[in-house]
Protein chains: 2
Amino acid sequence: MDACTTLGAKFEDWQALGLDEERCPVRNLLDQIGDRWSMLLLAALAGGPKRFSALARAVPDISKRMLTQTLRMLEVSGLVHRDVQPTVPPSVTYSLTPLGRSFAGPLLGLVDWAETHFAAVVEARAQAKKAA
Amino acid sequence: MDACTTLGAKFEDWQALGLDEERCPVRNLLDQIGDRWSMLLLAALAGGPKRFSALARAVPDISKRMLTQTLRMLEVSGLVHRDVQPTVPPSVTYSLTPLGRSFAGPLLGLVDWAETHFAAVVEARAQAKKAA
DNA sequence: TCCATAAGTCTCTATCTGAGACTTAGTCTA
DNA sequence: TAGACTAAGTCTCAGATAGAGACTTATGGA
């Protein structure tokens with residue numbers, strides 16, 4: 001059974017359970033960490049702990065607001081650890097928890113797909129634009 | 001080299017290239033298909049072609065507006081094929097293209113992670129709430 | 001003396017999302 | 001024969017969300 005068929009079968013199962021946001025793991029996690037900033041920040045932290053300002057520099061066009069918000073959410077969900085040094089000015093370091101590190105595998109799968117098929121997507125978009 | 005280290009190394013590379021939305025495959029694709037509806041619709045279509053109304057039923061709380069919009073975007077990016085039967089009322093069937101099917105693998109990786117670690121995330125959230 | 005720094009918060013505005021009415025034309029129902 | 005229903009959307013309006021940029025605090029450097 002190929003991945004596509006397996007995925008299709010799984011989707012049927014979720015549907016049977018109502019695809020509820022609370023109970024369906026996939027719905028729930030897609031709603032929370034299935035946005036561009038979460039994934040990008042997890043990738044940024046995969047290389048090792050980083051401070052708030054280092055993350056802001058690492059992901060240039062995220063606003064401070066979204067950076068704070070996303071990190072807090074990842075912390076609450078147990079993927080990221082926040083370590084505050086009570087100096088003045090405060091020094092805050094973010095790192096992946098073991099749970100966060102376990103996410104690197106699937107995320108890497110996504111990343112590899114993106115790098116492999118990016119050209120095809122760009123080509124498809126160009127075709128679509130020409131046809132329009 | 002484990003996935004986490006590999007991912008960290010890749011992120012360094014992207015950073016070196018400026019993490020530009022146009023040129024960086026990962027940024028670009030996360031921005032486009034890295035939202036809950038895209039992933040959910042791709043999973044819904046993994047099992048086979050579906051009509052518009054079937055998709056609307058399959059993903060209960062997506063609005064028609066987002067359903068249309070997301071499908072169009074996936075079509076433009078070459079992941080989904082849209083087939084219109086010019087009857088009245090029109091009958092429109094959506095299916096995955098080969099490119100779309102190739103995405104099932106990585107997506108399945110994500111899904112498996114979600115199912116495996118959902119309990120841990122729920123537990124982490126409960127702890128966080130208790131601490132607050 | 002004035003600026004810069006770290007890690008945010010706050011406010012205001014711009015953008016995005018969702019809910020729900022409306023469309024077309026043929027078939028089904030009363 | 002009138003009215004209802006269907007499919008696959010589009011359109012508008014209100015509400016939610018994201019981003020830009022000012023502000024904070026205490027300290028060290030030019």
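Which atom of DNA strand D does a polar side-chain atom of Tyr94(B) lie 2.6 Å from? I looked it up in this predicted model. The partner is a phosphate oxygen.

**Entry: DNA strand D**

I then checked Arg82(B). An N or O atom in its side chain is 2.6 Å from a phosphate oxygen of strand D. On chain A, I found a contact to a base instead: a polar side-chain atom of Arg65(A) lies 3.5 Å from a base nitrogen. For elements giving two or more residues to this surface, I noted α5 (64–76) of chain A, plus α4, α5 (64–76) and β3 (91–96) of chain B. α5(B) has the largest share, four residues.

I listed 19 residues around strand D; Met66(A), Arg72(B), Arg82(B), Val92(B) and Tyr94(B) come nearest. By class I got eight nonpolar, five polar and six charged. Of the strand D atoms within 4 Å of the protein, 67% belong to sugar or phosphate. The rest belong to bases.

**Entry: chain B against chain A**

I turned to the protein interface. Each chain is represented: 68 residues from chain B and 68 from chain A. The buried area is about 5,800 Å², and carbon and sulfur atoms give 74% of it. Leu7(B), Trp113(B) and Arg125(B) supply 12% of what chain B buries here, more than any other three residues.

I found eight salt bridges across the interface. One joins Asp31(A) to Arg36(B), with the closest N and O atoms 3.4 Å apart. Polar contacts came to 16 residue pairs. On the chain B side, α7(B) gives the most, 19 residues. That side has 38 nonpolar, 14 polar and 16 charged residues.

How values were computed
Residues are numbered from 1 along each chain as its sequence is written. Chains are lettered from A and ligands numbered from 1 in the order in which they are written. This is a predicted model: local features need pLDDT of at least 70, side-chain atom pairs count only at pLDDT 80 or more; totals for chains, interfaces and linings use all residues. Side-chain values use heavy atoms; hydrogens and water are left out. Contact means heavy atoms within 4.5 Å. Buried area is the accessible area (1.4 Å probe) that two parts lose on being put together, summed over both. A salt bridge is a side-chain nitrogen of Lys or Arg within 4 Å of a carboxyl oxygen of Asp or Glu. A polar contact is a pair of N or O atoms within 3.5 Å; within protein, one must be able to donate a hydrogen and the other to accept it, and residues adjacent in sequence count only if both atoms are side-chain atoms. Ala, Val, Leu, Ile, Met, Phe, Trp, Tyr, Cys and Pro count as nonpolar, Asp, Glu, Lys and Arg as charged, and the others, Gly among them, as polar. A residue is near a molecule or strand if one of its heavy atoms lies within 4 Å of it.
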